[in-house]
Amino acid sequence: MLVNARDLSVGYGAGPVCAPVTLTVAPGEAIAVIGANGTGKSTLLRTVVGLQEPLAGTVDLLGAPADPRTVEFRAAVASVLGDDAFFPALTVTEHLRLVAYGHGVDDADGVVDDLVEEFGLTDRADALPSALSSGQRRRVLLAAAFARPRSLLVLDEPEQRLDSGMRNRLTDRLVEEREDGGAVLVATHDPVVVAGAATAVVLLHEDGIRHLAPEAGAAAIEAL
Ligand SMILES: Nc1ncnc2c1ncn2[C@@H]1O[C@H](COP(=O)(O)OP(=O)(O)OP(=O)(O)O)[C@@H](O)[C@H]1O
């Protein structure tokens, strides 16, 4: 089991932001976390990857509480959590190469070239982050998650600022990820991602958590 959350309560000083969550993520699964704005999706993901302490309950990542500073964590977990951090003097291609080389990827240059094309960045490959649109910066961050080996992919609203073509390609990528034995935990407002890629859905609501099948999850998003 890659993620094992039991009665996990997440939140801030003012208390929990949603009801306690029990969920697991295993290889081959893509678990979608859905819910209205402010129901705690980002807070839940940040807690799962060890960026916040649980208020109560437990969450293990690879069998132990997550510590993003460890080599084991960095080798296993690729995440895009909405933080937009770049080296100002490195181009798109250089960012992706830094990630791929840092993780010892075979044929790193070839992998990066393919990702630049797949993520629609060919025209901007030599651009600095300051010269990219917000959607292009998002594409670079997502491409970086795929430029390195990983057991678990954690994505917070990856559809944000992407056009519909890129959203569809991302959905296909997530399907590929789990079919290849990877695991995905994704917070999303996108019914296409849920219906197309998820294997199960966790709906956060102030009254309680519901576990749904992907089709029901996609319908629930439309009704939020
Ligand atoms: N650093 C923080 N300190 C205190 N409260 C916070 C903090 N970050 C978020 N919150 C609050 O916690 C609640 C859950 O926020 P969170 O960002 O997890 O929701 P979300 O489901 O991801 O929302 P959205 O769909 O809008 O992205 C919200 O009420 C939010 O205002």
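Begin by selecting strands β4, β1 and β6 of this predicted model, which form an open, three-stranded sheet in that order with antiparallel pairing. The strands at the edges are β4 (21-25) and β6 (56-61), each of which pairs on one side only. Averaged over neighbouring strands of this sheet, and with direction ignored, the turn of one strand against the next is 10°.

Now narrow the selection to β1 (residues 3-9) and β6, where the antiparallel pairing extends over five bridges. To see one pair of partners in detail, display valine 3, whose bridge partner in β6 is leucine 61. Then add helix α1 (residues 41-48), which lies across β1, β4 and β6 and runs at about 125° to β1.

**Tyrosine 12**

Move next to tyrosine 12, which is found in strand β2 (residues 11-12). Is this residue buried, partly exposed or exposed? Tyrosine 12 counts as partly exposed, because its relative accessibility is 44%. If neighbours within four places in sequence are left aside, the contacts of tyrosine 12 are Val17, Thr43, Gln52 and Leu55. With threonine 43 there is also a polar contact between the two side chains, at 2.8 Å. For a sense of how the chain folds back here, measure from tyrosine 12 to proline 54: the two are 42 residues apart in sequence, while their C-alpha atoms are 9.3 Å apart in space.

**The ligand**

Select the ligand and show what surrounds it: Tyr12, Val17, Ala36, Asn37, Gly38, Thr39, Gly40, Lys41, Ser42, Thr43, Glu157 and His189. Three distances are worth drawing here. One runs from a ligand oxygen atom to an N or O atom in the side chain of lysine 41, at 2.7 Å. Another joins a ligand oxygen atom to an N or O atom in the side chain of asparagine 37, at 3.0 Å. For glycine 40 the atom concerned is a polar backbone atom, which lies 3.0 Å from an oxygen atom of the ligand.

Stay here and pick threonine 39, a residue of the loop between β5 and α1. Threonine 39 counts as buried because its relative accessibility is 12%. A polar atom of its side chain lies 2.6 Å from the backbone oxygen of alanine 36. Beyond its neighbours within four places in sequence, threonine 39 is in contact with Val17, Cys18 and Leu204.

**The six-stranded sheet**

Select now the strands of the other sheet, which is open and mixed in its pairing, with six strands in the order β7-β8-β9-β5-β10-β11. Its edge strands are β7 (77-80) and β11 (210-212), each pairing on one side only. Neighbouring strands of this sheet are turned against each other by 15° on average, again with direction ignored.

At the β11 edge, β10 (residues 200-203) and β11 run antiparallel and are joined by three bridges. Valine 201 has leucine 212 as its bridge partner in β11. Add helix α8 (residues 214-223), which lies across β5, β10 and β11 at about 120° to β11.

**Helix α6**

Turn to helix α6 and measure between its end C-alpha atoms. The distance is 23 Å, which agrees with the 22 Å expected for the 16 residues of this helix (residues 164-179) at 1.5 Å a residue. Which residues of α6 are buried? They are Met166, Leu170, Thr171, Arg173, Leu174, Val175, Glu177 and Arg178. These buried residues pack against β5 (30-34), α4 (108-118), α5 (134-146), β8 (152-156), β9 (183-187) and α7 (191-197). Just after α6, select glycine 181, which takes a positive phi of about 95°.

**Aspartate 109**

For the last stop, select aspartate 109 in helix α4. With a relative accessibility of 31%, aspartate 109 counts as partly exposed. When neighbours within four places in sequence are left aside, aspartate 109 is in contact with Arg97 and Tyr101. Polar contacts link its side chain to the side chain of tyrosine 101 at 2.7 Å and to the side chain of arginine 97 at 3.4 Å. Finally, measure from aspartate 109 to threonine 70, which are 39 residues apart in sequence and 26 Å apart in space, C-alpha to C-alpha.

Notes: Residues are numbered from 1 along each chain as its sequence is written. This is a predicted model: local features need pLDDT of at least 70, side-chain atom pairs count only at pLDDT 80 or more; totals for chains, interfaces and linings use all residues. Side-chain values use heavy atoms; hydrogens and water are left out. Helices (H or I, at least four residues) and strands (E, at least two) are DSSP runs, numbered from the N terminus. The expected span of a helix is 1.5 Å times one less than its number of residues. Buried means under 20% relative accessible area, exposed over 50%, partly exposed in between (1.4 Å probe, protein chains only). Contact means heavy atoms within 4.5 Å. A polar contact is a pair of N or O atoms within 3.5 Å; within protein, one must be able to donate a hydrogen and the other to accept it, and residues adjacent in sequence count only if both atoms are side-chain atoms. Two strands pair if DSSP finds at least two bridges between them. Axes are lines fitted to C-alpha atoms, for helices over the stretch in contact, and angles run from 0 to 180 degrees between N-to-C directions. A residue is near a molecule or strand if one of its heavy atoms lies within 4 Å of it.
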